[in-house]
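This report describes how one protein chain is put together, from its overall layout down to single side chains. Please look over the sequence and the structure before reading on.

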Amino acid sequence: MDTLPHLEAKQSRLEPSQFEQTVLLLQRGGALGSYQAGVYQALAEADLDPDWVAGISIGAINAALIGGNPRESRVEKLREFWEAVSTPPLGLPHLASIEINDDVIHRVINQTRALGIMLFGAPHFFTPRLLSPMFWPSPKADQLSFYDVAPLRTTLERLVDFDRINAGGMRFRVGAVNVKTANFVYFDSACGRGDRVKS
């Protein structure tokens, strides 16, 4: 499955930016993340490289894939990530060659795929916890969710050079929610507070 189709190179290139910095802001939204990867691919093909990348939620993951890799391998790493996390949990392939015109059948297939992900997780992204926190609460903050994101950590450790992010070559800013306080926390590679991105 080719989640990031190759875009045909345009004959005209964008003019160099007249601004001090080029900033790429990536928002939340799950599946929107694959769209963001395609946007970055188009920017790379137009030779428009950001000086600063920032994101939240899925945008933070894409920001790490961009900021944590050299320019020449960013699109490849984004593609590898999105192909990995888009793999069906039961290994059943998406058959793009079969066109489904019936709305009812299409809806049933989508609901079946959603049920499969809910029950079995998304490979390389998250897996359901064996003991649901609803029925077996844990005092540990990292075990309060219905899903375990350890597979995502492993995937990012494989695809992102966190030392590169921490070195500060490209400014990198991400936000997340602190599960204990429900407040946003941010990391900014330019703050100099000694904060470091950890996988």
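Of the contacts in the chain with a separation of 6 or more, what percentage is accounted for by residues 24 or more positions apart? The figure is 67%. It comes from a predicted model.

## Layout of the chain

Six helices and six strands make up the secondary structure of the chain. In sequence order they follow the pattern β-α-β-α-α-α-β-β-α-α-β-β. The chain has 199 residues, and buried residues account for 29% of them.

## The start of the fold: β1, α1 and β2

Strand β1 pairs with strand β2 (residues 52-56) in the parallel sense, over four bridges. Within this pairing, Leu25 of β1 has Ala54 in β2 as its bridge partner. The path from β1 to β2 runs through α1, and the β-α-β crossover is right-handed.

The two faces of β1 can be told apart by burial. Leu24 and Leu26 form the covered face, whereas Val23 and Leu25 form the uncovered one. In general, side chains in a regular strand alternate between the two faces of the sheet.

Trp52 takes part in a contact between a charge and a ring: Arg171 lies over its face, at 3.8 Å from the ring centre.

## The nonpolar core

The largest nonpolar core has 29 residues, and the members that touch the most others are Leu65, Phe81, Leu156 and Phe172. Elements that each supply at least two residues of this core are β1 (23-26), α1 (32-45), α2 (58-67), α3 (74-85), α5 (150-159), α6 (162-167) and β5 (171-177). Helix α2 gives the largest share, seven residues.

How many of the ten residues of α2 are buried? Ten of the ten are. The list includes nonpolar residues such as Ile58, Ile61, Leu65 and Ile66, and also Asn62. As a general point, nonpolar side chains in soluble globular proteins tend to be buried together.

Phe81 shows which parts of the core meet. Apart from neighbours within four places in sequence, Phe81 is in contact with Ile61, Leu65, Leu152, Thr155, Leu156 and Leu159.

## Aromatic pairs

The structure contains six aromatic pairs. In general, such a pair is described by the distance of the ring centres and the angle of the planes. Two of the pairs are set out below.

| Pair | Centre to centre | Angle between planes | Class |
|---|---|---|---|
| Phe125 and Phe126 | 5.5 Å | 65° | edge-to-face |
| Phe172 and Phe187 | 6.1 Å | 55° | tilted |

Why is the pair of Phe125 and Phe126 edge-to-face? Its planes stand at 65°, and an angle over 60 degrees counts as edge-to-face. Phe125 and Phe126 are both buried. Ring pairs also join Phe125 and Phe126 with Phe81, Trp82 and Tyr147 into a cluster. Phe81 thus has a place in this cluster as well as in the largest nonpolar core.

The pair of Phe172 and Phe187 links distant parts of the chain, with Phe172 in β5 and Phe187 in β6 (residues 184-188), 15 residues apart. Phe172 has a relative accessible area of 2% and is buried. Phe187 is at 9% relative accessibility, so this residue too counts as buried, the limit being under 20%.

## The hairpin of β5 and β6

Strands β5 and β6 pair in the antiparallel sense over five bridges. Opposite Phe187 in β6 stands Val174. Six residues lie between the strands of this hairpin, and Ala182 takes a positive phi near 65° there.

Asn183 is found in the loop between β5 and β6. Is Asn183 buried or partly exposed? With a relative accessible area of 46%, Asn183 is partly exposed. Leaving out residues up to four places away in sequence, Asn183 touches Ala176, Val177 and Asn178.

Ser189 lies in the segment after β6. Its relative accessible area is 17%, so Ser189 is buried. Not counting residues up to four places away in sequence, Ser189 touches Ile165, Met170, Arg171 and Phe172. Two of these partners appear above: Arg171 lies over the face of Trp52, and Phe172 forms a tilted pair with Phe187.

Technical notes. Residues numbered from 1 in each chain as written. Predicted model: local features only at pLDDT ≥ 70, side-chain atom pairs only at ≥ 80, totals over all residues. Heavy atoms only, no water. Core = buried A, V, L, I, M, F, W, Y, C linked by side-chain atoms within 4.5 Å. Buried < 20%, exposed > 50% of the residue type's maximum accessible area, 1.4 Å probe, protein only. Contact = heavy atoms within 4.5 Å. Phe/Tyr/Trp six-rings, centres within 6.5 Å; stacked < 30°, edge-to-face > 60°. Lys NZ or Arg CZ within 6 Å of the ring centre and 35° of its normal. Pairing = 2+ DSSP bridges. Right-handed = clockwise from strand over helix to strand, strands pointing away.
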